[in-house]
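Let's take a walk through this structure together. Have a look at it first, and then we'll go through the chain, its helices and its ligand.

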Amino acid sequence: TPKKANAPPGTPLVPPQDLPSRPRRNRRSPSIREAISETTISPANLILPVFIHDGEQNIPIGSMPGVDRLGWRHGLLDSVAEARSYGVNSVVLFPKTPEELKTPTAEEAFNADGLVQRSIRLLKDRYPDLEVYTDVALDPYNSDGHDGIVRDDGVVMNDETVEFLCRQAVSQARAGADCVSPSDMMDGRVGAIRRALDREGFTNVSIMAYTAKYASAYYGPFRDALASAPKAGQENRIIPKDKKTYQQDPANYREALREARLDEAEGADIMMVKPGLPYLDIIRLLRDNSTLPIAAYHVSGEYAMLKAAAERGWLNERDAVLEALLSLRRAGSDLILTYYATQAAKWMAGEH
Ligand code: PBG
């Protein structure tokens, strides 16, 4: 018979179960929980992606509340200064290119005086110890809205594109980039970029490969931010509506391992999985099959989902975001690219 609920503390209400193991003992106080916590996260793990444009003002992005296209120079410098003051010392640059500078072969990608190249020089001049990452892919510069060069019959050409990616990567390295990040998913690009960089003397410039990049619906807000979505085809030219002939099928797991083995053999310094939260299994797969550092991209659509729910009061934004980032770490990522980088670092510092 159960004892009364107002019996002295410690008096069992029912006879104890005969349990040798009670996992709750290890969760009984903040001290024990902290002592055995398996995963940590700090601002040093975070990389802030920044959108830049060649104007004065910061321009809000409709589908990414709280994220702006930053004006060159002040908006960019201020945003980086704020991130650094909270311990986020890594940024990756994404340019919004005016339509009139876009071409089918995206030459603006390797303009020595292009927006990205100028921004790298500006940032490295002001903050020599800042880790500046760049994106290597043609989509921000390509009038067809693809990461590679589109032939009239709609084929996204591999080896021709890789030539252009090498020129883009070298021009970014020449401007002072610390790490170039091919996000295009062309075959052989990591090795080709490594050789091109080395030939030009940039043996110290790293490559963070977008190794397992999926053809994901979660990139929508990013393409809004840069107006970089695939364009409509014309009468005499076919333009693929999606990126499925180069980005991976979300149904595929083993394919990620195949890409990882290639990127590692081709000389990648860091391997990335993208998107993040829907692909935790892929992060774990790469973590367990390589000794390289692994990065996860918590992409624009993941940001937008959290923002939308938080704005409606449906989620506690701070708790939900920090849990998402911690989960990316627990799955095995060392680095996390996230639009929440500065905000998360503030929360980690105890601010609101
Ligand atoms: C371009 C690129 C994309 C993203 C990063 N680099 C978009 C795409 O592949 O269409 C997406 C990032 C995000 O959604 O936050 N190669």
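Of the 352 residues in the chain, 43% are buried. Keep in mind that what you're looking at is a predicted model. The secondary structure adds up to 11 helices and 12 strands. If you draw a box along the principal axes, the C-alpha atoms fill roughly 85 × 45 × 45 Å.

How sure is the predictor? The chain's average pLDDT is 96, and 99% of the residues score at least 70. As a reminder, where pLDDT is low, the predicted coordinates should not be read in detail. For the complex, the predictor gives an ipTM of 0.97 along with a pTM of 0.96.

Now for the helices. Here are two pairs that pack together:

| Helix pair | Angle | Axis distance |
|---|---|---|
| Helix 3 (residues 115-126) and helix 4 (residues 158-175) | about 25 degrees | 8 Å |
| Helix 7 and helix 8 (residues 280-289) | about 40 degrees | 10 Å |

Start with the top row, where the angle is about 25 degrees. Because angles under 35 degrees count as roughly parallel, helix 3 is roughly parallel to helix 4. The crossing of helix 3 past helix 4 is right-handed.

In the bottom row, the angle is about 40 degrees. That makes helix 7 oblique to helix 8. Helix 7 goes past helix 8 in a right-handed crossing.

While we're at helix 7, which spans residues 254-266, you can pick out Arg258 there. Is Arg258 buried, exposed or partly exposed? Arg258 has 13 other C-beta atoms within 10 Å, so Arg258 is partly exposed; a residue needs 20 or more to be buried, and 12 or fewer to be exposed. You can also look from Arg258 across to Thr211: the two are 47 residues apart in sequence, while their C-alpha atoms are 9.4 Å apart in space.

Finally, the ligand. Which residues surround the ligand? Going along the chain, you'll find Asp135, Ala137, Asp139 and Asp147, then Ser183 and Asp184, then Tyr219, Phe222 and Arg223, and then Val299 and Ser300. By type, this shell has five charged residues, four nonpolar ones and two polar ones. Among the residues around the ligand are Asp135, Asp139, Asp147, Asp184 and Arg223, and Asp and Arg count as charged. The two serines of the shell are Ser183 and Ser300.

Note on methods: Residues numbered from 1 in each chain as written. Predicted model: local features only at pLDDT ≥ 70, side-chain atom pairs only at ≥ 80, totals over all residues. Near = placed C-beta within 6 Å. pLDDT = per-residue confidence, 0-100. Helix = DSSP H or I, 4+ residues; strand = E, 2+ residues; numbered from the N terminus. Axes fitted to C-alpha atoms, helices over the stretch in contact; angles between N-to-C directions. Parallel < 35°, antiparallel > 145°, perpendicular 65-115°, else oblique. Left-handed = near helix turned anticlockwise from the far one by under 90°.
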